[in-house]
Amino acid sequence: MSHETVRPMTQGQLKDLVATMIGAIPDLSFDEAQRLIGEKGRFTRELQPAFRKTEKTTTYPVSVDYDRKTDAMIADGRYDWTNSDTTEKHFPNTRSGKADLEIELVHAGRVISSEDAIAEMARQGLRPCELSELLALGATHPDLQREFPIIALGSVWRGPNGDRRVPYLSRIGSERILNLHWFEGDWFEICRFAAVRN
């Protein structure tokens, strides 16, 4: 009986991982930092998926009704929390009719800007998903967003301060959320970008 020898992580690799994690921590207030320290168990549970290997398919079938109202599509997803700016007024639908799509989740595998993520999708013959397509994905495959944030760069709203925002699916603890993030901000390595074939 043979046993495969697995080389353990080196101290240098551990230091590099810790430095990378430290670099990803946003500026926190004293109280925010203390809350995370007090909830170490929950914090580590949420961090662990970033270290797991996943060999799952990255293509997910959905049926999209582009004529359906945004509020109705959000209700279909049964989210625990939704950003109130995720509206039809801010993200008007540019398509009509119904379509059966295969949504692909593009994983850059690194911190990446929105522009670079769109360029990567284009190189693969993909276009970024719009809000209605993201909502169809969230309703059809509700547990996906518990594994990683899923971003729809095909729908962009310019807020009252002039900043551009895009919708994404994610989680807080076990709760599923539909939120908005700045288009100009970078995305963490764990993120997936929803896309469809051109």
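This passage walks through a predicted model, moving from its paired strands to two helices and then to two buried residues.

A good place to begin is strand S7, which spans residues 164-172. Strand S5, made up of residues 150-151, pairs with S7 in the antiparallel sense over two bridges. Within this pairing, isoleucine 151 has tyrosine 168 of S7 as its bridge partner. Strand S6, residues 157-158, also runs antiparallel to S7 and is joined to it by two bridges. Here tryptophan 157 stands opposite arginine 165 of S7. S6 and S7 together form a hairpin with five residues between them, and glycine 162 in the turn has a positive phi of about 90°.

S7 has a further antiparallel partner in S8, and eight bridges link these two strands. One pair to look for in the structure is leucine 169 with its bridge partner in S8, leucine 178. S7 and S8 form a hairpin as well, with two residues between the strands; glycine 173 takes a positive phi near 65° in this hairpin.

The helices come next. Helix H4 covers residues 70-77, and its buried residues are Thr70, Met73, Ile74 and Gly77. They span an arc of only 100° around the axis, which places them on the same side of H4. Asp71 and Ala75, by contrast, are exposed on the other side of the helix. The buried residues of H4 pack against strand S1 (59-65), strand S2 (81-82), helix H6 (131-140) and S8. Just past the end of H4, arginine 78 takes a positive phi of about 50°.

Helix H5, residues 114-123, can be read in a similar way, starting from its buried residues Ser114, Ala117 and Met121. Viewed down the axis of H5, these buried residues fall within an arc of 60°, so they line one face of the helix. What they pack against is strand S3 (98-106), strand S4 (126-128) and strand S9 (192-197). Glycine 125, which follows H5, has a positive phi near 75°.

Two single residues help to tie these elements together. Isoleucine 150 is found in strand S5. This residue is buried, and its relative accessible area is 0%. Leaving out residues up to four places away in sequence, isoleucine 150 touches Leu105, Leu134, Leu137, Leu144, Gln145, Pro167, Tyr168, Leu169, Arg192 and Ala194. Isoleucine 150 and histidine 107 are 43 residues apart in sequence, and their C-alpha atoms are 9.8 Å apart in space.

The second residue, arginine 176, belongs to strand S8, which runs over residues 175-182. Arginine 176 is buried yet has no salt bridge. The nearest side chain of opposite charge belongs to aspartate 80, at 5.5 Å, and a salt bridge would need the charged atoms to be within 4 Å. What, then, does the side chain of arginine 176 reach at 2.7 Å? It reaches the backbone oxygen of glycine 77. The same side chain of arginine 176 also reaches the backbone oxygen of arginine 78, at 3.2 Å. Glycine 77 is one of the buried residues of H4, and arginine 78 comes just after that helix. Apart from neighbours within four places in sequence, the contacts of arginine 176 include Tyr79, Asp80, Trp81, Gly138, Pro142, Gln145, Arg146 and Ser170.

How values were computed: Residues numbered from 1 in each chain as written. Predicted model: local features only at pLDDT ≥ 70, side-chain atom pairs only at ≥ 80, totals over all residues. Heavy atoms only, no water. Helix = DSSP H or I, 4+ residues; strand = E, 2+ residues; numbered from the N terminus. Buried < 20%, exposed > 50% of the residue type's maximum accessible area, 1.4 Å probe, protein only. Lys, Arg positive; Asp, Glu negative; His and termini not counted. Polar contact = N/O pair within 3.5 Å; in protein donor to acceptor, adjacent residues only side chain to side chain. Contact = heavy atoms within 4.5 Å. Pairing = 2+ DSSP bridges. Arc of directions from axis to C-beta.
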